[in-house]
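Subject: Handing over the structure

Hi,

Here is the structure I promised to pass on. Have a look through it, and then read my notes underneath.

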Amino acid sequence: MAPTTQVNLISCESVYKSYGDRPLLANVSIGVGRGERVGVVGRNGAGKSTLLRVLAGGEPPDSGRVTRGANIVIGELDQVGEFGATQTVRELVLGDREDYEWAGDSATRDILMELLGGYEPEQLDRVVAELSGGERRRVHLAAQLIRDVDVLFLDEPTNHLDVEVIAWLADHLKKRTKIAVVTVTHDRWFLDEICDHMWEVVGGNVEEYEGGYSAYVLAKAERMRQEAASESRRQNLMRKELAWLRRGPPARTSKPRFRIDAANELIAAEPPPRNSVELLEFASARLGKTVYELHDARIGFDSRTLVDRLTWNIAPGARIGILGPNGAGKTTVMRTLLGEIPTLSGKRVQGVTVKPGVLSQHLSELDESKTVIATVEAVANYIDLGKGKQLSASQVCQRLGFDHDGQFTRVAELSGGERRRLELTRILMTEPNILALDEPTNDFDVETLAALEDLLDGFPGSLLVISHDRYFLERVCDSFVAVLGDGKLTDLPRGLDQYLELRALMNKSGGAGRDQSKRSSDPARERELRKKIDKYERQLAKVDDEISGIHNQMAQAAGEYTRLGELDVSLREIITKREAIEEQWLQVATELAD
């Protein structure tokens, strides 16, 4: 019996699309079949979003043909998200459906609860224009997930989502087996969870691979080997990715449809991604026995406590991920450890040789007239990797996405994401022996993330990371702790899986750190406190968007030094405001837990 052929819902043939003289898509012929799950990767600016818009019908090709099946319904989450000036969340997400029509649908209620925080009037009757960018993003995602569609195009669907909600979204999409999904995202864990195909947009072409992200890495390495590609062409990044897959759970190689024997052969030939013993020896030499220590410390703001009676020792070479829900105080814990915020009580000890490098929300004031490479070389020309190995400033720039032309771009012309990469590059060039990274993966494409992980593999010091990027956390960290709003710093021997289990238990029991036996005897009071928590979390999301907006304004205020000074003052005021909202969140969470 001949195998059945997948019928495409959407096909494009010999599609060409360019902006100016630069072709983003050149003679591309691909298709999307019913139930397929396609992940789209490639460098920033390679044409990933353009490909989605052409397939969805948002933009016509310059030449070639796009064919869509009769009567198919397309859902699209783009980067913009349109809404009316007075449109409410209810109108955008539910349309003209009556309450009785959707309230009895458990799937709809689940979507509203996970993405909007509930389906009461206080959630649904808000005006979309008054929401933060992150909240709007969730509203638009909810609107697309509720629809009955045949093909769903998702452009960066995990932006503004935390680890828990990303896990929920992956599970939700896996259950909807009849719809096709095409997604652009830099979240590699998400790609591995939901995708059975990968498209890489490179040089105007779209190269197809079977399986999720891990299978894509393996298949790409195999393709290079079969083409007799040189070792220099494979480069170290691919080898490091293979080494990571070798260390990971068996599901990474067994789940995707890939030639398992070939995959195992490739993986077995690679050493571990980093030599932990060698790095520990080097870290101990640079740091001594003491890095940071907290003894019976109380962390928080004024009279409010985030973590109490904490005794914590950061060892030389430790690589620690700090997890927790928004507002729980992850950044405060990190800043207290670094000495930027004093402990409320207890003792903090810092080693005499500690030299921290911190990537935070603040961006350094830079000379807008200088080029990227000149700005980096102003810090140092080389960094020492140990054992006689060095990287030049140009090599570090290239690793983090600044190609030859990009290195001679003026700082004034950089985008917000490029400035963040430049800031990280400058921090690395100072050769710190402690790296503290607060959401380092924002605005990075998959290749740049892999390059950053490669650099961190060889970092001979201690590493503290706060991130919503699960793949990145698991890739660079060896241990995890969580700030859960219960007054403790919880050790997580099983990593993110254990964290998600704890959060699920907390949500089920109805509050921060409580079990069922401690539930409030006053349901009305509990509802009121939970409304306040929702309000403060929305305020935190809005403040985070304001911080991002100021960073973008700084990028646009090229050479306007007075304006840049004003924006810097505004940035500091907003960050102080954020800390105050976190304190209010903590106070209500404490009341809810009592």
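Below is what I found, starting with a pair of helices and then going through three residues.

One thing before you start: this is a predicted model.

**The helix pair**

Let's begin with H4, which covers residues 106-116, and H7, which covers residues 163-175. Two packed helices are described by the angle between their axes and the distance between the axes. Here the angle is about 155°, and the axes are 10 Å apart. Angles over 145 degrees count as roughly antiparallel, so that is the label for H4 and H7. The crossing of H4 past H7 is left-handed.

Which residues meet there? From H4 you have Asp110, Ile111, Glu114 and Leu115, and from H7 they are met by Val165, Trp168 and His172. By type, the residues of this contact split into 4 nonpolar, 1 polar and 2 charged.

**Arg109**

Stay in helix H4 for a moment, as Arg109 is found there too. Is Arg109 buried or exposed? Its relative accessible area is 26%, so it counts as partly exposed. Setting aside residues up to four places away in sequence, Arg109 touches Trp102, Ala103, Gly104 and Tyr119.

Two of those contacts come with distances. A polar atom of the Arg109 side chain lies 2.7 Å from the backbone oxygen of Ala103. As for Tyr119, 10 residues separate it from Arg109 in sequence, and their C-alpha atoms are 7.1 Å apart in space.

**Arg90**

Next, go to helix H2, residues 89-94, where you'll find Arg90. Its side chain makes a polar contact of 3.1 Å with the side chain of Asp125. Not counting residues up to four places away in sequence, Arg90 touches Asp125 along with Gly95, Asp99, Trp102, Pro121 and Leu124. You may remember Trp102 from above, since Arg109 touches it and so does Arg90.

**Asn159**

Last stop: the loop between strand S6 (151-155) and H7, which is where Asn159 lies. How accessible is Asn159? The value is 25% relative accessibility, so Asn159 counts as partly exposed. Beyond its neighbours within four places in sequence, Asn159 is in contact with Arg137 and His186. Thr185 is 26 residues from Asn159 along the chain, and 8.6 Å separates their C-alpha atoms.

If you want a place to start in the viewer, try H4: it packs against H7 and it also holds Arg109.

Cheers

Note on methods: Residues are numbered from 1 along each chain as its sequence is written. This is a predicted model: local features need pLDDT of at least 70, side-chain atom pairs count only at pLDDT 80 or more; totals for chains, interfaces and linings use all residues. Side-chain values use heavy atoms; hydrogens and water are left out. Axes are lines fitted to C-alpha atoms, for helices over the stretch in contact, and angles run from 0 to 180 degrees between N-to-C directions. Helices (H or I, at least four residues) and strands (E, at least two) are DSSP runs, numbered from the N terminus. Angles under 35 degrees count as roughly parallel, over 145 as roughly antiparallel, 65 to 115 as roughly perpendicular and the rest as oblique. A crossing is left-handed if the near helix is turned anticlockwise from the far one by less than a right angle, and right-handed if clockwise. Contact means heavy atoms within 4.5 Å. Ala, Val, Leu, Ile, Met, Phe, Trp, Tyr, Cys and Pro count as nonpolar, Asp, Glu, Lys and Arg as charged, and the others, Gly among them, as polar. Buried means under 20% relative accessible area, exposed over 50%, partly exposed in between (1.4 Å probe, protein chains only). A polar contact is a pair of N or O atoms within 3.5 Å; within protein, one must be able to donate a hydrogen and the other to accept it, and residues adjacent in sequence count only if both atoms are side-chain atoms.
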